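Visitor: Could you show me the model and explain how the descriptive words used for it are justified?

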Amino acid sequence: MLDVLIAGAGPAGSVAGAVLARAGARVRIVDRAMFPRDKLCGDTVNPGTLATLSRLGLAHAIDSCGLAVEGMRLTGTNGAVVEGRYPRGQIGRAILRRHLDWMLLQDAISAGAQFEPGVAVRRPLVTGRRVTGVRAGGRGWEHDLSARLTIAADGRRSALAFSLGLATHPARPRRWAIGAYVETAGPPTSLPTFGEMHIRSGRYIGIAPVPGGLTNVCVVKPWRPGDRALGDPRKLLLGELAGDPLLRERFAEARVAGPPVVLGPLAVDVRDAAIEGLLLAGDAAGFVDPMTGDGLCFAIRGAELAAHAALTALEHGWNGVHDSLAFQRRATFAGKWRFNRTLRAIVASPPAVAVAAAGARVAPAVLRQAIAYAGDCQ
């Protein structure tokens, strides 16, 4: 029997798989997609996350194929612009998730993990009060996959977390993201080595240069599923750029390279529940639509914590494993969660956006400190 079955081959699943396989566990990773595959994301890995990958000996090629990102540029509704570099000469990297995820998956396979693409996890297998594997399927088949321990790393729409009643979409906020890669007619007007966050009333626009001369553009704002605007995401995305005073000239000749991706609702709340045989990692453990590029930090560092919890459970049993993992996650991420939720609340309040924009003009050093904090993931 397998020691660990991992649902999901994104960063969380692959990092957990690599850590576990290196420790001698028999690991199988399954994913509904065929890899490499595209993924909607900000495409930026902050310095702290890079440090975690380096410490784990993963994604070595990221330095050679990712663009250097030296900091962030934040703008507000009143024209306020604040640029902050990451401290101590640190840099992040801009890289397509298609390439980053493939690197991490290759690392897991090289460590000894098995990988099966085209396998969709349908629901958990439960015996008594213990998860013993998953029911999975593909084209024309469906069967059980058993393991001593299962890690749900199957994303913000986790079939395992939602099937067990662990995950819900909160009533508020109900934000959706529209993202695409765009080509511009000329060179960008801002430094290409800076990630950008343009905070507007009720929404924000994230922009990041990526290898190959493209620019990642993502608009996040409230929508209800089925709203007419979502029927033409390309028009909506270009309309947001054309209507923004700071961005319209820069993207006047922009061309969308490929169909935009629509994702939402973004936020997912996950309750702590000690279910033997199951651990959560990545977005399956909770998603807060982070504005600061912390999503990969949560996924990669959280996967490392989940992998060590899995090794403890395999060797010593489940007593105290969930409580210990929950404590370690809070100790590691509590400050980040508060920081991201504060920014999210500001965006949802037009008066708060105005106050924050005014504050950026008066005390830009405060925002520069926030940028430095956003780059940390230790």
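Visitor: What makes α7 count as largely enclosed by the rest of the structure?

Guide: In this predicted model, a residue is called buried when its relative accessible area is under 20%, and because 16 of the 22 residues of α7 are buried, the helix is largely enclosed by the rest of the structure. For the protein as a whole, 53% of its 378 residues count as buried.

Visitor: How do you know what span to expect for α7, residues 295-316?

Guide: The expected span is 1.5 Å times one less than the number of residues, and for the 22 residues of α7 that gives 32 Å, to which the 31 Å from the first C-alpha to the last is close. Just after α7 comes G317, which takes a positive phi of about 95°.

Visitor: Why is α1 called roughly parallel to α4?

Guide: The axes of α1 (residues 11-22) and α4 (residues 97-111) come within 8 Å and cross at roughly 20°. Angles under 35 degrees count as roughly parallel, and therefore α1 is described as roughly parallel to α4. The crossing in which α1 passes α4 is left-handed.

Visitor: Which residues bring α1 and α4 into contact?

Guide: Contact requires heavy atoms within 4.5 Å, and the residues of α1 that meet α4 include P11, V15, A18 and R22, while those on the α4 side include R97, D101, L104 and A108. Sorted by class, this contact has eight nonpolar, two polar and four charged residues.

Visitor: What makes the phi of D43 worth pointing out?

Guide: Most residues other than glycine have a negative phi. D43, in the loop between β2 and β3, is a residue other than glycine with a positive phi, near 65°. A59 likewise is not a glycine and has a positive phi, of about 55°, and its place is the loop between α2 and α3.

Visitor: How do you know whether D43 and A59 are buried or exposed?

Guide: The cut-off for buried is under 20% relative accessible area. D43 has 1% and is therefore buried, and A59, with 3%, is buried as well.

Visitor: Why is the peptide bond from F35 to P36 singled out, and what is its omega?

Guide: Most peptide bonds are trans. The bond from F35 to P36 is cis, with omega near -5°, and P36 is found in the loop between β2 and β3. The bond from G264 to P265 is also cis, with omega near -10°, and P265 lies in the loop between β18 and β19.

Methods
Residues numbered from 1 in each chain as written. Predicted model: local features only at pLDDT ≥ 70, side-chain atom pairs only at ≥ 80, totals over all residues. Heavy atoms only, no water. Axes fitted to C-alpha atoms, helices over the stretch in contact; angles between N-to-C directions. Helix = DSSP H or I, 4+ residues; strand = E, 2+ residues; numbered from the N terminus. Parallel < 35°, antiparallel > 145°, perpendicular 65-115°, else oblique. Left-handed = near helix turned anticlockwise from the far one by under 90°. Nonpolar A, V, L, I, M, F, W, Y, C, P; charged D, E, K, R; others polar. Buried < 20%, exposed > 50% of the residue type's maximum accessible area, 1.4 Å probe, protein only.
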